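The following dialogue concerns the reading of a protein model. Please consult the sequence and structure shown here.

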Amino acid sequence: MSEAYFRVESGALGPEENFLSLDDILMSHEKLPVRTETPMPRLGTFFPEWGAGAGPDRALPQGSKLELPLWLAKGLFDKKRRILSVELPKIYQQGWRTVFSADANVVDLHKMGPHFYGFGSQLLHFDSPENADISQSLLQTFIGRFRRIMDSSQNAYNEDTSALVARLDDMERGLFQTGQKGLNGFQCWEKGQASQITASSLVQNYKKRKFTDMED
């Protein structure tokens, strides 16, 4: 029964989020600035700031600037019908991409957005002319920060790492915790406290899938 509470891995770095992942559910609710490219009947009621110009059918006028959750923006976006266009959040625009290319380690990613990599990957869904630059910036930012994160996780045994972890996005925090877990395991082995060798979770999950396939 305890397996029902195992963490489900995120799929946000791929084409689609994993709807069973709590991380992806939270990420998909982050707001995205959009602009309506056509009037939207009866939606003016839900956006009081546009109520004055909504008209008798309570339509959102063309050109309305809104902030919609990512999941809704993806659902409404259509290349052919041009229902809405998406504006890049500031953290992914050229100015910030220049900062990341200079020194990605100085940026507090969690403050900018706790799902920086996952949210940025989902922006590629919206057919922006800057998609190639965004994807390259995400990759180089991760590469630039990865070594420092793992070095810190391996050299901070029994130390307060709260200040460092507070600046990491959620995916980076997961990497840091994995590094810390590996370090703690090695320290226990070195002290003779690891009396039993256990299979990794990856091996255990593989065996379970294999047994399930055989039963089918």
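A learner and a teacher discuss the sheet, the core and a helix contact.

Q: On what basis should the model be read?
A: This is a predicted model, in which local features need pLDDT of at least 70 and side-chain atom pairs count only at pLDDT 80 or more, while totals for chains, interfaces and linings use all residues. Residues are numbered from 1 along each chain as its sequence is written, and side-chain values use heavy atoms, with hydrogens and water left out.

Q: In what order do the strands of the sheet lie?
A: Strands of a sheet pair through backbone hydrogen bonds, either parallel or antiparallel. Two strands count as paired if DSSP finds at least two bridges between them; strands (E, at least two residues) and helices (H or I, at least four) are DSSP runs, numbered from the N terminus. Here, 3 strands form an open antiparallel sheet in the order E2-E1-E3. Strands E2 (65-69) and E3 (84-86) each have a single partner strand, so one side of each is left without a neighbour in the sheet.

Q: How many bridges join E1 to E2?
A: Strand E1 (residues 31-36) is joined to E2 by 5 bridges, and arginine 35 has lysine 65 in E2 as its bridge partner.

Q: Which residues make the contact between H6 and H8?
A: Contact means heavy atoms within 4.5 Å. Among the residues in contact are Phe142, Phe146 and Ile149 of H6 and Leu175, Phe176 and Leu183 of H8.

Q: Which residues does leucine 123 touch?
A: Leucine 123 touches Leu32, Leu88, Pro89, Tyr92 and Asn131, not counting residues up to four places away in sequence.
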